[in-house]
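Hi,

Here is the structure I promised to pass on. Have a look at it first, and my notes follow underneath.

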Amino acid sequence: SMSVRPRRPILASGRVRYVGEPVAMVIAETLDQAKDAAELVMVECDDLPVVTDTARAMDEGSPQLHGDAPGNLCFDWAIGDEDATAASFDAAAHVVSLDLINNRVVVNSMETRGCLAEWGEDGRLHMAINGQGPWGTKTELSKRLRVPSEDIHLITPDVGGGFGMKGFYYPEHVAIAQAARVVGRPVKWVADRAEAFVSDSMGRDNVTTIEGAFDKDHKLQALRVTCVAAMGAYLSPYAAYIPSTVAKFVLPGVYDVQTVFMNVKGVFTNTTPVDAYRGAGRPEAIYALERLMDAASRQFGIGQDEVRRKSWIRTFPYRTAVGELYDVGDFDRVLARSKAEADWDGFPARKAEAAARGRLLGRGLCYYIESILGDKDETATIAFTEDGGVELAVGTQSNGQGHETVYAQILHERTGLPFEKIRIVQGDSDRIAHGGGTGGSRSVTMQGTAILGASDDLIEKMRPLAEEELEVASADLVWEEGAFRIAGTDRALTLLELAGVARARGRTELLTQTTETVVPARSFPNGAHIAEVEVDPTTGRTQVVRYTVADDFGVLMNPMLAEGQVHGGVVQGIGQAITEHVVWDGDGQLLSGTFMDYAMPRAEDAPMIPFHHEGVPSTANALGMKGCGEAGTVGALAAVTNAALDAVWDAGVRHVDMPLTPLRMWGWLRDAGVGAAE
């Protein structure tokens, strides 16, 4: 496989490759002054031809973005055995094939990107960035500013939404830091929403063909996937990794497929760079696969649920054709629960009722699997403070998911330290030497395991002091219910009490405990999403009217937080499937650059989403858990789109693509002859 990484200047140099690329920078005392001054900046530039369409990027005669990337090809990557896969297709009783577009989306976090930089009298760069953890950005700043890493202090305080888009460094970070160095003053920048629309990395944007080879009993034998994935005008830090390596982790889904071949070409276009967006690679892969299984169900004339059950993995651990080891799973049980909760058998009556109102009702199923990503290494530090509290320093970053609650809960349950005394410290590169940051649904799995490790180490570290204080031999000292106790008596000391003793005696080494742990393997959340979608044939309006989820997240740490993550993830999936759509004009201008033109999902676009849990504890980590942050989005795209196609199938529509906007749906129905006589 080949790849090129063209140089990406901090400010455009000689050529602007996309609308949203920073060209000039104005520094002023007030925002209004800066805006006025920016209006006076005249940029002399000649128009060049553009290519914004992913499918056309490699066409003969398409404008070339980079001299070192002929044909606009960024990388050409493959996995699997091409010849064996071709042979499997030649021998197949049935072949099902599908062409799909995974539409581009804008992330639109509640809080836009921003940063503040100041060079201290200590000669260090002090910087606040609203990211997903400071460590990666600190490394990049050190490299680009030629400043030793220890001379950079980076914090990522409270952050309002990240979704992957804030998981890496941006040109603005370097520009703001350099500006502060040049003017000798603190410099602050916060994007306005219009800037965010054109300059935040975007998500998805794949053109895919997926084919399945099935035997005479309709069991899936082989998969072949070819994908063209947009990178935008430059290669964003994780962009190349997502449609290739990350998608590969779940490529065969929950199916016993032994032969696969996948080829992904990354292409440059005159558009905002693409990078991680909730699920990153797994939603794209599962969307293609679960649309394929739905097409197989129709082609073979067997049920949506039955076609999946015929092919799925039933014995664990299971090594997939791409080398991943699924440790545990019980797909039958999870699907049965989802069907029961969705009132699967009552669907025909609901369809008839909708028809009586002149509406088309469809049902869609997606059975997803997803793999936890990110650094397997994480650190936790427990420190007793002067005021009698406890600080827990972590290497992840909450962007609103509620990490603070669940981390304190894990520490409290293991150590007996009072929940209300625990304060979480996150996102400070001076306080926490290194961390894996937040992303890939890794946080509670990796960080929780580190907290358990630090808790156990702290308990052992405090044991000799407890023996001294209670004047007891170690054999008679038991740890139970959050305290050291003399067996058979009511004499006990809690860790908080022991910390007080340690402080009084000057034993400061007992007051902090840092533990680094490595989680040896990935865990694989999975679940069954069932959507019911209603289409109004006169207007094309497409609405999700019922949505049911049954997930296997292993051992649930905090059911309410997990459910909140599923709800948010599903709604992001509904948004992409039905309303969200990035549109460029012929000059590469973003036409969908405001909330007037870019349709974010609203409360009325989503029904209540009942969440049910059927956990099979993971063997991959001490908590037995599987991450939940991205699962909702991974399952939602295909569930909603399959349901929409099901709704209009009887009306003669044979293909739909995301987004299922009213105009597009109306057009597909008209093309199929619905309402043509009116």
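**The sheet and what surrounds it**

Strand 2 (residues 73-80) and strand 10 (residues 259-268) run antiparallel to each other, paired over seven bridges. Helices (H or I, at least four residues) and strands (E, at least two) are DSSP runs, numbered from the N terminus, and two strands pair if DSSP finds at least two bridges between them. Before going further: this is a predicted model, where local features need pLDDT of at least 70 and side-chain atom pairs count only at pLDDT 80 or more, while totals for chains, interfaces and linings use all residues. Residues are numbered from 1 along each chain as its sequence is written, and side-chain values use heavy atoms, with hydrogens and water left out.

Back to the sheet. It is open, has six strands in the order 1-2-10-9-8-3, and its pairing is mixed. Strand 1 (2-3) and strand 3 (94-105) are the edges, each pairing on one side only. Within the strand 2 and strand 10 pair, F75 sits opposite G266. Helix 6 (residues 242-249) packs on this sheet and touches strand 2, strand 8 (203-214), strand 9 (220-232) and strand 10; contact here means heavy atoms within 4.5 Å. The direction of helix 6 makes about 20° with that of strand 2 (axes are lines fitted to C-alpha atoms, for helices over the stretch in contact, and angles run from 0 to 180 degrees between N-to-C directions).

Now helix 7 (residues 282-300). Its 19 residues should span 27 Å at 1.5 Å a residue, and its end C-alpha atoms are indeed 27 Å apart; the expected span is 1.5 Å times one less than the number of residues. Because 17 of those 19 residues are buried, helix 7 is largely enclosed by the rest of the structure. (Buried means under 20% relative accessible area, exposed over 50%, partly exposed in between, with a 1.4 Å probe and protein chains only.) G301 comes after helix 7, with a positive phi near 70°.

Some backbone oddities too. Most residues other than glycine have a negative phi, and most peptide bonds are trans. N72, in the loop between helix 1 (31-40) and strand 2, has phi near 60° and is buried at 0% relative accessible area. A280 lies in the loop between strand 10 and helix 7, with a positive phi of about 35°; at 10% relative accessibility it counts as buried. The F316 to P317 peptide bond is cis, omega near -5°, and so is M658 to P659, with omega near -5°.

Cheers
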